[in-house]
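Q: I would like a close look at one part of this model, with its surroundings added afterwards. Please start from the turn I ask about and work outwards.

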Amino acid sequence: MLTYILQRLGLALVTIWAISVISFVIIQLPPGDFVDAYIANLSASGSMVSQQEAQALRQLYGLDQAVWVQYWKWISRVVQGDFGPSMEWGRPVTEVIGDRLWLTVVVSIAAILVTWGIALPIGIYSAVRQYSVADYGFTLIGFIGLAVPNFLLALVIMYFGFVLFDLNVGGLFSAEYQLAPWSWGKTLDLIRHLPLPAMILALSGTAQLIRIMRANLLDELRRPYVATARARGLAEWRVIVKYPVRAALNPFASTIGYLLPFVVSGSIVISVVLSLPTVGPVLLRALVAQDMFLAGAIVLLLGVLTVVGTFISDLILMWIDPRIRAGIHG
Amino acid sequence: MSTLVQPEIPFVSAAEDRIAAATQLELTWWRFRKHRLAVVSGIVVILFYLIVIFADFLAVTPPHSTDAARSYIPPQAVHWFDQDGSFKPHVYALKGRRDLRTFKLHYAPDPTDRRYLVWFAEGYTYRLFGIFETKTHIIGLDRGVPEDALFLLGTDQLGRDVWSRLMLATRTSLTIGLVGVGLSLFLGILLGGISGLYGGAIDTVIQRVIEILRSIPTIPLWLGLAAALPNTWSVTQVYIAITVIISLIGWTELARVVRGRFLALREEDFIMAAELAGASRLRIIFRHMVPSFLSHIIAAVSLALPAMIISETTLSFLGLGLRPPAISWGVLLQDAQNLQAIAIAPWLLLVAVPVVIVILACSFLGDGLRDAADP
């Protein structure tokens, strides 16, 4: 059991390291070093940077030294929570990102909860009533969810919200709470706005999950213990829910590992369409304006959060599946 | 292992004879034909690739020709029968009238000015298959140029014909998907094959790399890489770069499939037999192993295609993929990015329809192929 945890932890750390290298590469990709860009950016807005200041900045990030030294200087500052300045906003990156990171997390978690909430009952139903009309219907809806890119779904819903209900669906807060400090009312407002983006994000992940759940449950339903339970006269719903569903649930939890990166990716795109105050629109703007410290920080933070989420899901999986705890694979 | 259980068949009928002699691909094909939905989807996919080949022929107006006077014209109704009831498809020419209060241009069909549709009419000059210079397009009008009167799917803000642009966008998006899958397939077979064939430390390393790649959210990564492409690059350069970026991350699933097949086949009796017969390693791989999992590969490819298409569309939609003047589904959908645009011109969202159809068709086709390859 400990070996399993250590193994997952090791992989998570290696992944985080890989993500940090990729983020650093993304920061380095645009031509010229970032101080050049910084100076160009500042002079475009009218203010001047002295030669000394530029030299100081270069020294701070070791831009005159080897690439791995630069990486080391950057990453050691990042670990201390300093992601560098954002050129476009003229403020530290941490300030720009601020609440947006947590809102991204909230939206992603909500999307995963909705995915489970939809996939679990439908998966069970489709397995128990295999080849029924509803089974085919759900499969079809799932497929459409799979086939429609997130942003298209968001666009279409936005359009119909506008045409049919004269609603402007978008954002995570009502106008009066947009700039307000956090309060109970603002949280409630957030919860009211969450279902739509969560549903849009969930729909594309649900199809696969329904099919996994259905297939697993079908396997379990054919096992002799189900026949035994029936023979002993247990109520049908108990026969299904108490044993086979529990056994079929394990791979369900393990899918979070692939679901999470998927949902985080999707949240970036639909945030742009629905103008949600997550890191998505900021990342896009930063990349277009080549504000690389900001972009690199967002890529890094999203990657790390995804890895942490996956690691936590591994722990949960271990908790609910005794076979993994005992070190048995199968 | 299954050889022990197989009963002796005393009288072999002609049909069984055929099955016994059939290659793996033939068997897969026979099983595949039974999946109705998959066969229909396969036909749909083929039709779409015909559009790719004949995009210019199907377009009616030059896709880049702009005219502010034709801005945001809604899709036009085609009238199938003439006044006397004979079958003569035609459209009404549009008359623009400026509202003197709002200064907005309104278009009204003019029933007195009928333009009849003509098959194989002459239009703008293009090269069929990139070789033969021709002017023939699938339809045209009997009078005037189609730029002024034929708006099957309406026009966009700059007055460009959506139908013609959609045809060319289909070509770009579907070829990017195919080339991307090709690159992914190359990487997937190479790395998956090495992984499955050699096993041991190299397998562990490749598997870890795949796991790491799969646990990183792809969109931020793609965006980051795509944003670094210089603005000065030509359409072709960006096209190639975007394809490479997409396939750099897309190969993992294909590698997983290939590795799984290699691992499974390594233990098979016929591989052992080939080895004992003294066949070389390369011969075993290409003569014995690859044919037996070719159908799996085809299935994996057709399942990977939708992901590629979605990736390209999403990137271009966000403005970091293909950039105008390139025309792709994502670029077209970018015009419909905000509520104002789709409120004024909802028909711009029609571009989404072929996107969804192709992705669905590829998924069903891939599913059918997978079932057929692995009963």
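In the hairpin of strand 3 of chain B and strand 4 of chain B, which residue takes a positive phi, and how many residues lie between the strands?

A: The residue is Phe129(B), with a positive phi near 55 degrees, and the hairpin has 3 residues between its strands. The model is predicted: local features need pLDDT of at least 70, side-chain atom pairs count only at pLDDT 80 or more, and totals for chains, interfaces and linings use all residues. Residues are numbered from 1 along each chain as its sequence is written, while chains are lettered from A and ligands numbered from 1 in the order in which they are written.

Most residues other than glycine have a negative phi, and most peptide bonds are trans.

Now the strands on either side of this turn. Strands here are DSSP runs of E with at least two residues, helices are runs of H or I with at least four, and both are numbered from the N terminus. Strand 3 of chain B covers residues 105–128 and meets strand 4 of chain B in the antiparallel sense over 8 bridges. Two strands pair if DSSP finds at least two bridges between them. Leu117(B) faces Leu141(B) of strand 4 of chain B.

One residue of strand 4 of chain B deserves a look: Thr134(B). Thr134(B) has 14 other C-beta atoms within 10 Å, so it ranks as partly exposed. The cut-offs are 20 or more such atoms within 10 Å for buried and 12 or fewer for exposed, with partly exposed in between; C-beta atoms are placed from the backbone. Leaving aside residues up to four places away in sequence, Thr134(B) touches Tyr126(B) and Leu128(B). A contact means that two C-beta atoms, placed from the backbone, lie within 7 Å. Thr218(B) is 84 residues from Thr134(B) along the chain, and their C-alpha atoms are 43 Å apart.

Step back to the sheet. In chain B, 4 strands make an open antiparallel sheet in the order 1-2-3-4. Its edges are strand 1 (79–81) and strand 4 (132–141) of chain B, each of which pairs on one side only. From one strand to the next, the twist averages 40 degrees. The axes are lines fitted to C-alpha atoms, for helices over the stretch in contact, and angles between N-to-C directions run from 0 to 180 degrees.

The other pairs come next. Strand 2 of chain B joins strand 3 of chain B, antiparallel, through 9 bridges. Here Leu94(B) has Pro109(B) of strand 3 of chain B as its bridge partner. The hairpin of these strands has 6 residues between them, and Phe103(B) takes a positive phi near 60 degrees.

Strand 1 of chain B and strand 2 of chain B (residues 87–98) are antiparallel too, over 2 bridges. His79(B) sits opposite His90(B) of strand 2 of chain B. Their hairpin has 5 residues between the strands, and Gly85(B) shows a positive phi near 90 degrees.

Elsewhere in chain B, the peptide bond from Pro324(B) to Pro325(B) is cis, with omega near 15 degrees. Pro325(B) belongs to the loop between helix 11 and helix 12 (329–334) of chain B.

Now the whole chain. Chain B contains 14 helices and 4 strands. The C-alpha trace of chain B spans about 85 × 55 × 35 Å along its principal axes. Its radius of gyration is 26 Å, against near 21 Å for a compact globule of 375 residues. That radius is taken over C-alpha atoms, and the globule rule is 2.2 Å times the number of residues to the power 0.38. Of the 375 residues in chain B, 38% are buried. Among contacts in chain B with a separation of 6 or more, 69% join residues 24 or more positions apart.

Last, the partner chain. The contact between the chains draws on 36 residues of chain B and 42 residues of chain A. On the chain B side, helix 7 (200–214), helix 8 (218–227), helix 11 (281–317), helix 13 (339–344) and helix 14 (352–373) each supply at least two residues. Helix 8 of chain B gives the most, with 8 residues. For chain A, the mean pLDDT (the predictor's confidence in each residue, from 0 to 100) is 80, and 90% of its residues reach 70 or more.
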